[in-house]
Amino acid sequence: MAGKTVIIIDDDRSFVDAVAEFFEEFDYRALKANGGCEGLGLIRRDGVDVAIIDVNMPDMDGVELARKIAELPQPIPTILISSDDSTETADRCRAAGTGIFLAKPLDPEVLLETVSRVLA
Amino acid sequence: MGTKRDPLKNRLLLVGVAGVAVVAALALATAELAVGKIGPIERDRVRANAFHRLEHVRDRVLHPDGLPSRLTTDAILEANEALHPLLQRIAVESSVYTYVMVVSPNGIILAHSKETQVRTTLPAEVFGHLTLADHLEPRETALDSWFGGGKIIDFAMPVVLDQEHLATVHLGVSQPELARRIAEQQSSIYKWAKFTVAGSVAVLCVAALVAWRLIRSAREVEVAERRHDHLAEVGKLADGLVHEIRNPLNAMRMQVAVIRNQLKKLDEPALEATKAQLERLEAEVLRLQDLATDFLTFGRPDVGHTEQFTLAELLRDVANFLRPELEQSQIRLDLDIESDAQQTLVRMDRGKLRQVLLNIATNAEHAMPDGGTLSVGLSKREGRDLHMTLSDSGCGISQDKLTRVFDAFFSTKDEGNGLGLSIAKQIVEAADGTIGITSEVGRGTTVDINLPLSRPGKSGVHPLQPAAEPNEVDA
């Protein structure tokens with residue numbers, strides 16, 4: 001989707017790079033962050049339209065971060081991703097009511113579709 | 001491994017053996033002491049009794065009922081009838097008493113427990129060497145072969161009235177009989193000692209057996225715990241490994257999507273070959289991702305989430321999920337659930353069973369490239385289990401391959417990783433179920449799965465599972 005900005009927040013740098021490049025290829029502006037604090041800073045500062053957040057990060061829990069984003073003066077939609085596809089994590093994310101949950105490994109098509117749906 | 005236990009076990013055994021040795025030694029020592037004392041104690045007792053009896057007779061002689069107070073030999077002779085019963089009674093009181101008699105000062109037996117001995121003169125050795133003074137005091141004399149009774153101890157008590165020696169009462173104790181009685185008591189003491197030793201040994205054996213059992217089961221628990229810890233370690237490694245692999249694989253997938261899109265823009269015929277290459281690359285990535293997922297399941301048989309659920313509902317769930325995809329491959333899905341199996345519950349990892357069913361369905365799909373039918377059936381075998389069948393009308397599997405179908409990494413397909421059915425077998429068997437496969441080349445393959453029935457409200461936690469709360473499914 002042209003002109004929209006996504007931010008990818010995950011502690012795995014190479015993974016973040018690959019996903020960012022992927023979004024850039026499909027005409028998004030992609031921002032990168034390796035932790036919750038860094039991500040939050042970027043969201044506050046830049047005009048970000050949607051955040052893709054990994055649930056298991058050492059410095060901040062992804063669900064917690066999504067909740068913080070929802071409490072911002074200008075909240076944005078969040079997509080939580082996790083390699084842990086157990087029902088507990090899914091339930092936890094849904095219970096937080098902060099957004100969508102996608103299990104890793106991410107399907108590129110599904111990811112694009114979800115992001116465009118969320119921005120619509 | 002059990003090195004921590006061995007010193008303890010040895011110490012226990014040592015203490016046990018020492019304990020028994022001490023008890024045995026104590027028992028034997030006590031027995032010896034007691035035995036040693038028996039002789040003197042018994043003799044003292046016999047002596048006291050003898051003199052007591054003699055006093056009794058003397059008193060009777062001195063103050064008899066109906067006898068004159070001034071006694072003469074003639075009077076006593078006449079009184080034998082009165083005395084004899086008493087003497088006889090005393091004589092039979094104890095087996096060690098051989099005679100009781102009343103003797104005149106000049107040695108004539110006036111009364112005797114054996115009537116036939118009356119009026120006999122006592123042999124000189126009985127009192128020949130004694131002085132008059134001795135006659136007036138109670139005395140004890142050891143005699144040899146007298147009256148044919150073997151060795152005797154003669155107890156004598158004088159009957160004195162106003163310092164006049166009227167008579168002497170004698171009581172004979174058989175030495176052999178006394179010795180026999182003493183020996184009897186000694187042997188019963190030894191018997192007691194032997195019994196105590198035997199008892200201690202028996203107790204020790206039982207205690208040793210119990211201790212051995214306890215130590216062994218403690219060791220088994222320790223081993224099981226170590227194994228569980230080890231499994232947990234291995235599991236953590238597996239988790240870590242898979243996690244490390246997953247992200248790069250995912251990244252590769254993203255990169256493939258990017259490259260494909262770039263190629264789309266250029267879109268020259270020469271690039272078609274490159275696009276095809278990418279497709280193959282993507283297929284490899286997907287294959288590796290599936291392997292990672294499957295391996296994670298395979299490597300962690302001890303972790304899972306057990307819950308109670310309606311099997312029929314899961315089947316319907318899976319059928320609805322598969323139908324669209326199967327229809328695209330010209331495959332009809334028939335689901336036949338018998339009425340008595342509609343509400344029946346099972347207790348196991350629902351997610352894993354779902355994976356098993358999807359695996360089998362995928363195998364069936366691959367076996368029917370030109371379409372066909374996949375029949376899924378569920379029936380309840382009352383009091384036994386739930387019986388599930390998944391039958392396809394595909395190409396079938398030959399008998400020689402059929403025996404290996406549950407082996408890990410064995411596959412009849414070019415693109416399979418061969419873990420599907422071995423995982424299925426693990427999952428089903430972990431739930432105490434059974435899985436089997438039959439096939440006919442050209443006709444089709446049938447997979448049979450039997451799962452135990454679960455009663456509503458029954459709780460169950462696998463001993464090696466981390467405490468997972470069983471969920472009650474909305475019935």
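Start by selecting Val57(B), which lies in helix 1 (residues 5-62) of chain B; helices (H or I, at least four residues) and strands (E, at least two) are DSSP runs numbered from the N terminus. This is a predicted model, in which local features need pLDDT of at least 70 and side-chain atom pairs count only at pLDDT 80 or more, while totals for chains, interfaces and linings use all residues. Residues are numbered from 1 along each chain as its sequence is written, and chains are lettered from A and ligands numbered from 1 in the order in which they are written.

**Around Val57(B)**

Is Val57(B) buried or exposed? Val57(B) counts as buried because it has 23 C-beta neighbours inside 10 Å. The cut-offs are 20 or more other C-beta atoms within 10 Å for buried, 12 or fewer for exposed, and partly exposed in between, with C-beta atoms placed from the backbone. Now add Leu86(B), Leu87(B), Val100(B), Val102(B) and Val169(B): these are the contacts of Val57(B) once neighbours within four places in sequence are left aside. Contact here means C-beta atoms, placed from the backbone, within 7 Å. Leu83(B) is 26 residues from Val57(B) in sequence, with 8.3 Å between the C-alpha atoms.

**The antiparallel sheet of chain B**

Select strands 1 to 5 of chain B next. They form an open, antiparallel sheet in the order 2-1-5-4-3; strands pair if DSSP finds at least two bridges between them. Strand 2 (109-112) and strand 3 (139-143) of chain B are the edge strands, each paired on one side only. On average, neighbouring strands of this sheet are turned by 25° against each other, direction ignored. Strand 1 (residues 97-103) and strand 2 of chain B run antiparallel and are joined by three bridges; Val103(B) stands opposite Ile109(B) of strand 2. Helix 3 (residues 80-93) of chain B lies across strands 1 and 2 of chain B, at about 155° to strand 1. Such angles run from 0 to 180 degrees between N-to-C directions, with axes fitted to C-alpha atoms, for helices over the stretch in contact.

**The mixed sheet of chain B**

Move on to strands 7, 9, 10, 12 and 11 of chain B, which make an open sheet of five strands in the order 7-9-10-12-11 with mixed pairing. Strand 7 (331-337) and strand 11 (434-440) of chain B each have a single partner strand, so one side of each is left without a neighbour in the sheet. The twist averages 15° from one strand to the next.

Walk across the sheet from strand 7. Strand 7 and strand 9 of chain B run parallel, joined by seven bridges, and Arg332(B) stands opposite Thr373(B) of strand 9. Strands 9 and 10 of chain B pair in the antiparallel sense over eight bridges, with Leu390(B) as the bridge partner of Val376(B). In their hairpin, which has three residues between the strands, Gly383(B) takes a positive phi near 75°. At the other edge, strand 11 and strand 12 (residues 444-452) of chain B are antiparallel over seven bridges, and Ile437(B) faces Val447(B).

Show the side chains of strand 9. Gly372(B), Leu374(B), Val376(B), Leu378(B) and Lys380(B) point to one face and are buried, while Thr373(B), Ser375(B), Gly377(B), Ser379(B) and Arg381(B) point to the other and are not.

**Helices 8 and 9, and the core**

Helix 8 of chain B lies across strands 7, 9, 10 and 12 of chain B, running at about 170° to strand 7. The axes of helix 8 (residues 311-328) and helix 9 (residues 350-367) of chain B come within 11 Å and cross at roughly 35°. The residues of this contact divide into eight nonpolar, no polar and three charged, where Ala, Val, Leu, Ile, Met, Phe, Trp, Tyr, Cys and Pro count as nonpolar, Asp, Glu, Lys and Arg as charged, and the others, Gly among them, as polar.

Which residues have the most contacts inside the largest nonpolar core? They are Ile360(B), Leu378(B) and Ala424(B), in a core of 41 residues. A nonpolar core is a set of buried Ala, Val, Leu, Ile, Met, Phe, Trp, Tyr and Cys residues joined through C-beta atoms within 7 Å. Helix 9 of chain B gives the most to this core, with seven residues.

**Chain A**

Finally, select chain A, which has five helices and five strands in the pattern β-α-β-α-β-α-β-α-β-α. Buried residues make up 39% of its 120 residues.

How values were computed: Two residues are in contact if their C-beta atoms, placed from the backbone, lie within 7 Å.
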